[in-house]
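Visitor: Please choose one part of this model and look at it closely, then show me what lies elsewhere in the chain, with the cut-offs behind each term.

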Amino acid sequence: ASFGFQTVKEDEKESLVKNVFDSVASSYDLMNDASSLGVHRLWKDSFVSGLKPGKHGPMRCIDVAGGTGDIALRILDYAREKHYDRETTVDVADINAQMLKEGERRFKQTMYHNTPQVSFNVANAQSLPKERFADNSYDLYTIAFGIRNCTSIPSVLEEAYRVLKPGGTFACLEFSRVNNPLLATIYDQYSFSVIPLMGTILAGDRASYQYLVESIRRFPPQPEFAQMIRDAGFSTGPDVDGGAWSDQWGGIACVHKGVKL
Ligand code: SAM
């Protein structure tokens, strides 16, 4: 069965998304590995190393839709391992307390636990509370595999723009449009049959994984999303290290960046 999101109202979508992630929280990391055959780790590694956290000194980072903390952990590890930086911080924000709880549990086993380097915050990407996430306060805003689940992409981008300092970077890792027709056919077969099946077997939850696959299909293709980033006020031009977007694996995933001028 599918959730048929196209037919639900916007306010209902938010609670449906919450339910999806409530029901997958504990199996989320396992399913991520299984459904992408571990490849999401490579994409996340290259996403974070492309941002070079810590290279130009400690950074204040916010990782939105941060879930179980995959990106936050990579940012902190990269800064520490490459630049001996233990002052970079990441505030993880996610709408779902269950996902954050898994993240907190995981961080307990790291050296960042109980340090000011990481915090977990329940917050909606579309309306980050101003008292916690002030205007012009972050050097780096990341969102990985999260923006397509949000009801209004422009509101997410508007909030990203608000919380970033001038000169700060917006960086998004998301499933995107596969450009090669042969690869697209194989990928379609895989995602519409294998992933929901894995969801059933590994997590006992076919519908949630079916939703995840469908949400990927509805996300705007690369040039359209880049335009939305520009519409929010970001530059995707020559100021951006690596260009407006860079496809990973033929567009299965894609990194979009923008700089707040
Ligand atoms: N960034 C993590 C990663 O790459 O492993 C988690 C990605 S997970 C596929 C998507 C996350 O987006 C979930 O944790 C979900 O709760 C969160 N999410 C969905 N809608 C959101 C919203 N409006 N605001 C904040 N987080 C949201």
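Guide: A residue is called buried when its relative accessible area is under 20% and exposed when it is over 50%, with partly exposed in between, using a 1.4 Å probe and the protein chains only. The model is predicted, so local features need pLDDT of at least 70 and side-chain atom pairs count only at pLDDT 80 or more, while totals for chains, interfaces and linings use all residues. Residues are numbered from 1 along each chain as its sequence is written, and side-chain values use heavy atoms, with hydrogens and water left out.

Cys172 has a relative accessibility of 0% and therefore counts as buried. Cys254 is buried as well, with a relative accessible area of 1%. With a disulfide defined as a pair of cysteine sulfur atoms within 2.5 Å, the count for this model is 0. Cys172 takes part in no disulfide, and the cysteine sulfur nearest to its own, that of Cys254, is 8.2 Å away. Seen from Cys254, which is likewise in no disulfide, the nearest cysteine sulfur is that of Cys172, at 8.2 Å.

The ligand site is the part for the closer look. Around the ligand there are 19 residues (each with a heavy atom within 4 Å of it), and those that come nearest are Ala65, Asp94, Asn124, Ala125 and Ala144. Asp94 places a polar side-chain atom 2.6 Å from an oxygen atom of the ligand. Two of the alanines use their backbones instead: a polar backbone atom of Ala65 is 2.8 Å from a nitrogen atom of the ligand, and a backbone N or O atom of Ala144 lies 2.9 Å from a ligand nitrogen atom. Of the 600 Å² of accessible area that the ligand has on its own, the protein covers 98%, the areas coming from the Shrake-Rupley method with a 1.4 Å probe.

Helices and strands come next, both taken as DSSP runs numbered from the N terminus (H or I of at least four residues for a helix, E of at least two for a strand). The 14 residues of helix 4 (residues 70-83) should span 20 Å at 1.5 Å a residue, and the end C-alpha atoms are 20 Å apart, which agrees; the expected span is 1.5 Å times one less than the number of residues. Buried residues in helix 4 include Asp70, Ile71, Arg74 and Tyr78. Directly after helix 4 comes Tyr84, which lies in the loop leading to strand 2 (89-94). Tyr84 has a positive phi of about 50° although it is not a glycine, and with a relative accessible area of 74% it is exposed.

Trp249, in the loop between strand 7 (245-248) and strand 8 (253-260), is also a residue other than glycine with a positive phi, near 50°. Gln117 belongs to another loop, the one between helix 5 (97-107) and strand 3 (118-122). At 3% relative accessibility, Gln117 counts as buried, and its side chain reaches the backbone oxygen of Thr88 at 2.8 Å.

Helix 8 (residues 206-218) has 13 residues and reaches 19 Å from its first C-alpha to its last, close to the 18 Å expected. Among the buried residues of helix 8 are Tyr209, Gln210, Leu212 and Glu214.

Note on methods
Polar contact = N/O pair within 3.5 Å; in protein donor to acceptor, adjacent residues only side chain to side chain.
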